[in-house]
Structures are given as C-alpha cells and as structure tokens.
Amino acid sequence: MPPFTASTAHAKVKAAQKLWNTQSPSAVTKAYTPTCIWRNRSTFLQGSAAIEAFLEQKWAKEKNYRLRKELFSFTDNKIAVQFWYEYQDASEGMKWKRCYGLEDWTFDADGRMRKRMMSGNDVEIGEGKRWFREGADVDGVEIGEEHW
C-alpha cells in the first residue's frame, strides 16, 4: 500500500510478476481499480472488463509466456518497472519472441493500480537465445547490462 518504501515497492513488483505469470486474466484484473486506465503499447483501455478482454486476447496469442519484472524507480504512490518476457507467437508459427519494456504504475490508496502505462518492443529470438526456459527461476536468470 502506498506510500511505498524501497522494500514495499520491490515486493509489489514481484507480486505483480508472480500474478502475471499465472496468465489468469480474471486474477490479474483484480489487482486494478474498476476504472483503471491502461496503455499497452498502442492500445488504450479503461476499466476491468476491457482489461480482462485484452489479457484474454494477449495470452491466446502469447503461448509459453514467462515474465520477469524489476523495480526501476518509485515515489509515494508510483512505481516504474523494467521487464522482459518471452513467448511463442501463435499468430506467427510459434516463433519465440522476447519483449523488452518499461511500465509506470500509479496506485490508489487501497493498493490497487489505477493507471498502467506500458511501452515494449518485441525481438524474435531463436531457441538457443531463450532465458526463461521451462522450469527456470526467472529471478535467477542472469541478464546482462546490455539488456537493461
């Protein structure tokens, strides 16, 4: 709950990582206020129903999704996050891709997110370039500075 400290901001980021890795749109949506404002790349959304529908479409396309989030910065009720995730793109013959991105989050007093702004870029990767293989602890994977 805001106001955040370094410890509570880090915990919030890792809780979000764990929740998103469930790939459960209904569970993920509960972390946001009913009127939450979202930008995901070039898609603008508002409200729980729109967010849940978006996540259902996202994970229908992004198979074998594995995500890592790291705290970038924080203030009293805002957190900035750097993230990476890998997935197989069902719309492109199950090619492996990695998304590199940043998010900024604004929280309501009750601890739910009321605004999420995401920018990300996808890069096609070969099987040998994957970080988050099945069974890997995403937090234990060494990510070099060139990817931060």
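What radius of gyration does the protein chain have, and how does that value stand against the one a compact globule with 148 residues would have? In this predicted model, the protein chain has a radius of gyration of 15 Å, which agrees with the value near 15 Å that a compact globule of 148 residues would have. Measured out along its principal axes is not the only way to describe the chain, but the C-alpha trace does span about 45 × 35 × 25 Å along those axes.

The protein chain is built from three helices and six strands, and a reader who follows these elements from the N terminus on will meet them in the order α-α-β-β-α-β-β-β-β. When contacts in the protein chain between residues at least 6 apart in sequence are considered, 58% of them join residues at least 24 apart. Of the 148 residues in the chain, 43% are buried, while the accessible surface comes to about 7700 Å², with 53% of that area belonging to carbon and sulfur atoms.

One residue that can be followed in detail is Phe4, which is found in the segment before helix H1 (6-20). Phe4 has a relative accessibility of 6%, and because buried means under 20%, Phe4 counts as buried. Leaving aside residues up to four places away in sequence, Phe4 touches Ala9 and Lys12, the run of Phe74, Thr75, Asp76, Asn77, Lys78 and Ile79, and also Phe107. A further distance helps to place this residue in the model: the C-alpha atoms of Phe4 and Val138, which lie 134 residues apart along the chain, are separated by 24 Å.

From this buried residue the reader can turn to the largest pocket, which holds about 150 Å³ of space. Its lining is made up of Asn40, Arg41, Ser42, Thr43, Phe54, Gln57, Lys58, Lys61, Glu62, Tyr85, Tyr87 and Asp122. Helix H3 (48-61) and strand S4 (78-89) each supply at least two residues of this lining, and H3 gives the most, with four residues. Sorted by class, the lining of the largest pocket has five charged, four polar and three nonpolar residues.

Technical notes. Residues are numbered from 1 along each chain as its sequence is written. This is a predicted model: local features need pLDDT of at least 70, side-chain atom pairs count only at pLDDT 80 or more; totals for chains, interfaces and linings use all residues. Side-chain values use heavy atoms; hydrogens and water are left out. On a 1 Å grid over the protein atoms alone, a cavity is a set of points where a 1.4 Å probe fits but cannot get out, and a pocket is an open set with protein on both sides within 12 Å along at least five of seven lines; lining residues have an atom within 4 Å of a point. Grid points are joined across faces, edges and corners, and a volume is the space filled by probe spheres set on the points. Ala, Val, Leu, Ile, Met, Phe, Trp, Tyr, Cys and Pro count as nonpolar, Asp, Glu, Lys and Arg as charged, and the others, Gly among them, as polar. The radius of gyration is taken over C-alpha atoms; the globule rule is 2.2 Å times the number of residues to the power 0.38. Buried means under 20% relative accessible area, exposed over 50%, partly exposed in between (1.4 Å probe, protein chains only). Contact means heavy atoms within 4.5 Å. Accessible areas come from the Shrake-Rupley method with a 1.4 Å probe; for residues, only the protein chains shown count as cover.
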